[in-house]
Amino acid sequence: MLRLKVARFCLISLFPLTALSANPKNIFYAEAGTMNGLGFTAGYGLHDISTRLPLGFDIFAGYVFQSDPGNAVDARKIFINDATGGNNNIVESGSTFFFGVDLLYPLLRKSIFELNIAAGPRYSTYAAFFDYQGGNEAFKVYSNAWGFGVGFKSFVALGDHFLIGLETTVEYFFNTQLKGHGFFYNANNQDDNPRNNYRYGDADAAINQPLLYPRVQLILGYKL
């Protein structure tokens, strides 16, 4: 009786392993395109994990450059002073580092083509930089936010190893604290050391931090 129970336990424990694909796809890839600015991404994907449940996943990290991080005049009023001093020559830029994981479900899978629904969590660290020439003022505004993305990823095989593809997703990040030059604006309007009567909505409107935007990137991949 004990042997029968042990054998049954082993069969139940090993059953999920029988669903694993004998030949999962290991893919390393790079992406470039538009996000909350010009974005570049590098990632690793494991596709066709299971024969019973056709799922896969991607892990990736990237960088986004912004030439327009927001309204520089309003940013100075909200985070520095009442826009006094200096001239209209303003040097500005923004940048985002982000990390994410996507769960993939194939809508279509052929020998040389696959189309997947992609969805998963995101995390971003953002910085907007403003330098007001002639006013002796330069500062950064920071935010860190969690979010998620949902959309499509497609791949076309170019031979045995190389792939090209397209990612089209919508990225959403939750409102988070904006901080700069000793001033902190929080999404719940419990602000720390705000200037005048400015609130979080004013700070958020002045800064182009990641919130809601389309992500369209071309993919170049290598399959092991």
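**Strands, rings and charges in a predicted model**

In this predicted model, the charged end of Arg-215 sits over the ring of Phe-60, at 4.8 Å from the centre of that ring. A second arginine is placed in a similar way: Arg-76 lies over the face of Tyr-132, 4.5 Å from the ring centre. These two residues make a handy entry point, since Tyr-132 also belongs to a cluster of linked rings, to which the text returns below.

The overall layout comes next. The protein chain has 224 residues, of which 40% count as buried. Its secondary structure amounts to three helices and ten strands, and these follow one another along the sequence as α-β-β-β-α-β-β-β-β-β-β-α-β. Contacts over long stretches of sequence are well represented: among those between residues at least 6 apart, 66% join residues at least 24 apart. The surface exposed by the protein chain is about 12,200 Å², and carbon and sulfur atoms supply 63% of that area.

Strands S4, S5 and S6 can be followed one after another. S4 (residues 90-109) runs antiparallel to S5 (residues 113-132), and 17 bridges join the two. The connection between S4 and S5 is a hairpin of three residues. Within this pairing, Val-91 stands opposite Asp-131 of S5. S5 in turn runs antiparallel to S6, with 20 bridges between them. Here Tyr-123 has Trp-146, in S6, as its bridge partner. As a general point for reading such strands, side chains in a regular strand alternate between the two faces of the sheet.

Thr-96 offers a closer view of S4, the strand in which it lies. With a relative accessibility of 5%, below the 20% cut-off, Thr-96 counts as buried. Beyond its neighbours within four places in sequence, Thr-96 is in contact with Gly-62, Tyr-63 and Val-64, with Ser-124, Thr-125 and Tyr-126, and with Pro-210.

The aromatic residues add another layer to the picture. The count of aromatic pairs comes to 14. One of them joins Phe-79 and Phe-139, whose ring centres are 6.3 Å apart and whose planes meet at 35°, a tilted arrangement. Because Phe-79 lies in helix H2 (residues 72-79) and Phe-139 in strand S6 (residues 137-158), this pair ties together parts that are 60 residues apart in sequence. Both partners are hidden from the surface: Phe-79 counts as buried at 0% relative accessibility, and Phe-139 counts as buried at 4%. The rings of Phe-130 and Tyr-132 form a further pair, with centres 6.5 Å apart; their planes lie at 20°, so this pair is stacked. Burial applies here too, with Phe-130 at 0% relative accessibility and Tyr-132 at 1%.

These two pairs are part of one group, as ring pairs link Phe-79, Phe-130, Tyr-132, Phe-139 and Tyr-185 into a cluster. With Arg-76 over the face of Tyr-132, a charged side chain meets this group of rings as well. The cluster thus brings together Phe-79 from helix H2 and Phe-139 from strand S6, along with the stacked rings of Phe-130 and Tyr-132.

Notes. Residues numbered from 1 in each chain as written. Predicted model: local features only at pLDDT ≥ 70, side-chain atom pairs only at ≥ 80, totals over all residues. Heavy atoms only, no water. Phe/Tyr/Trp six-rings, centres within 6.5 Å; stacked < 30°, edge-to-face > 60°. Helix = DSSP H or I, 4+ residues; strand = E, 2+ residues; numbered from the N terminus. Buried < 20%, exposed > 50% of the residue type's maximum accessible area, 1.4 Å probe, protein only. Lys NZ or Arg CZ within 6 Å of the ring centre and 35° of its normal. Contact = heavy atoms within 4.5 Å. Areas by Shrake-Rupley, 256 points an atom, 1.4 Å probe, with all protein chains shown as cover. Pairing = 2+ DSSP bridges.
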